[in-house]
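User: Could you take me slowly through a single part of this structure, one strand and the strands it pairs with, and then show me how the surroundings fit in? I am in my first year, so please explain each step with care.

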Amino acid sequence: MDEQVRRSIAGALDTAIADAASTALAEASRDWSDDRKGRELRQAFGSLHDRLANLEMPDYRHPLAPALYALWYHPFQVNLAYASFLRIAQRRGGRLTDRAALYVADFGCGALAAKFGLWLAALELLCDGQPAPRIGIDLIDDSADMVAMGERIGERFETLLTTLPDLPVRLPAVETRRINGIVDVNVPPDSERWLAALHAFYRPRQDDIRDTLADLYARITPTLGLLTFHRDNYGMAEYVSPFASDLQDLEICRLPLSGDLPRTTRRRQSWLQEFSIVERRGGEDRRRVQWAPVRGLRDNVAFTGAG
Ligand SMILES: C[S@@+](CC[C@H](N)C(=O)[O-])C[C@H]1O[C@@H](n2cnc3c(N)ncnc32)[C@H](O)[C@@H]1O
């Protein structure tokens, strides 16, 4: 893909994340006093950062959690998913699949990082003259608000892409279905099935997650699994993975999107300044939002499993 096109797409996604998070934050806090806004923001912010830093599950039910997740974590998650799907295609001779359609069960889909990653990877393959399959994703998540956040970003992103003058191909359709863990075992002929779980492993629920993934695996018999997680979570990822000893490091050396997200950065900053929250941890200045933060690839990994 041409570097200029990639930059335009990254710019559209930056705008989509900033706009969608902004709307969600305004909606969630519409009837709150300034005092309450400050309290809730600090609480949601603390839960998200502190718990994720300790590999514990944040309170995703907090009304501000989805928007804060989008502003702080979504860009890197999308970039890692994008890199992972491109790497899988590279290993398969430049295609995601040889079949006409690809169905992915996305456990812990959250704000749809896997959907954005597949969208971008398919777009890149099309720009490079390769075919892309029809794509369907079954969305599995406890938090309907996290999923709604991803859908909101997706709608804005789709609209913005239609206005890009230099996009040589149309954004491929990626159909999503919200399900309650019950995936449809019947897919059209000439389809391939994958199982994805991106950064969705938490210690207090590891047995529950292990059982759900084992059940999904048994019902859809995926030919490929994609698992991403924090390096310190390696043991747990192995424990919950239904792919037995088949996990392989995807060996991603570089992420496709780089540089800053200026609109997402401004959105973050205006909220933090309003509530006097200083974002500096461990001596590291985290004010600028980057697609590929220094700690990203060092601290997080992507694995595939063969079914
Ligand atoms: C860190 S977010 C990751 C979201 C997305 N996969 C990504 O890469 O950005 C983890 C998500 O997993 C979901 N989750 C955690 N445990 C779950 C479970 N047992 N069943 C369904 N969803 C779960 C949470 O609600 C949250 O949206």
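Analyst: In this predicted model, strand β1 (residues 101-107) is joined to strand β4 (residues 191-198) by seven bridges, and the two strands run parallel. One of the residues that take part in this pairing is Asp106, whose bridge partner in β4 is Ala196.

There is also a pairing between β1 and strand β2 (residues 134-140), where seven bridges are found and the strands again run parallel. Here Ala101 of the pairing stands opposite Arg134 in β2. To get from β1 to β2, the chain passes through helix α5 (residues 113-127), and this β-α-β crossover is right-handed.

With β4 and β2 as its partners, how enclosed is β1 by the rest of the structure? Six of its seven residues are buried, so β1 is largely enclosed by the rest of the structure.

Asp106, which lies in strand β1, lets us look at this on the scale of one residue. Asp106 has 27 other C-beta atoms within 10 Å, and because 20 or more are needed for a residue to count as buried, it is classed as buried. If we set aside residues up to four places away in sequence, Asp106 touches Ala114, Ile137, Asp138, Leu139, Ile140 and Ala196. Ala196 is thus named twice for Asp106, as its bridge partner in β4 and among the residues that it touches.

From Ala196 we can step onward, since this residue stands opposite Leu226 in strand β5. Five bridges join β4 to β5, and these strands run parallel. The chain travels from β4 to β5 by way of helix α7 (residues 206-220), in a β-α-β crossover that is right-handed. Asp106 and Leu226 are 120 residues apart in sequence, yet their C-alpha atoms are 9.3 Å apart in space.

Strand β5 (residues 224-230) has six of its seven residues buried, so β5 too is largely enclosed by the rest of the structure. A further partner of β5 is strand β9 (residues 300-306), to which it is joined by seven bridges, but here the strands run antiparallel. Within this pairing, Thr228 stands opposite Ala302 in β9.

We can now turn from the strands to the nonpolar residues packed in the interior. The largest nonpolar core has 89 residues, and those with the most contacts inside it are Ala70, Ala114 and Ala121. Helix α1 (residues 3-28) provides the largest share of this core, with eleven residues. Ala114 has already appeared as one of the residues that Asp106 touches. As for Ala121, its contacts, leaving aside neighbours within four places in sequence, are Tyr82, Phe85, Leu86, Ala89 and Leu96.

Ala70 leads us to helix α3 (residues 65-72), where seven of the eight residues are buried, so this helix is largely enclosed by the rest of the structure. The buried residues of α3 are Ala65, Pro66, Ala67, Leu68, Tyr69, Ala70 and Leu71. Their cover includes α1, α2 (34-53), α4 (74-91), α6 (144-162) and α9 (262-274).

Finally, there is the ligand, which is surrounded by 19 residues, the closest being Gln77, Gly108, Gly110, Ala113 and Leu198. Sorted by class, this shell has ten nonpolar, five polar and four charged residues.

Note on methods:
Residues numbered from 1 in each chain as written. Predicted model: local features only at pLDDT ≥ 70, side-chain atom pairs only at ≥ 80, totals over all residues. Core = buried A, V, L, I, M, F, W, Y, C linked by C-beta atoms within 7 Å. Buried ≥ 20, exposed ≤ 12 C-beta atoms within 10 Å, placed from the backbone. Helix = DSSP H or I, 4+ residues; strand = E, 2+ residues; numbered from the N terminus. Contact = placed C-beta atoms within 7 Å. Near = placed C-beta within 6 Å. Nonpolar A, V, L, I, M, F, W, Y, C, P; charged D, E, K, R; others polar. Pairing = 2+ DSSP bridges. Right-handed = clockwise from strand over helix to strand, strands pointing away.
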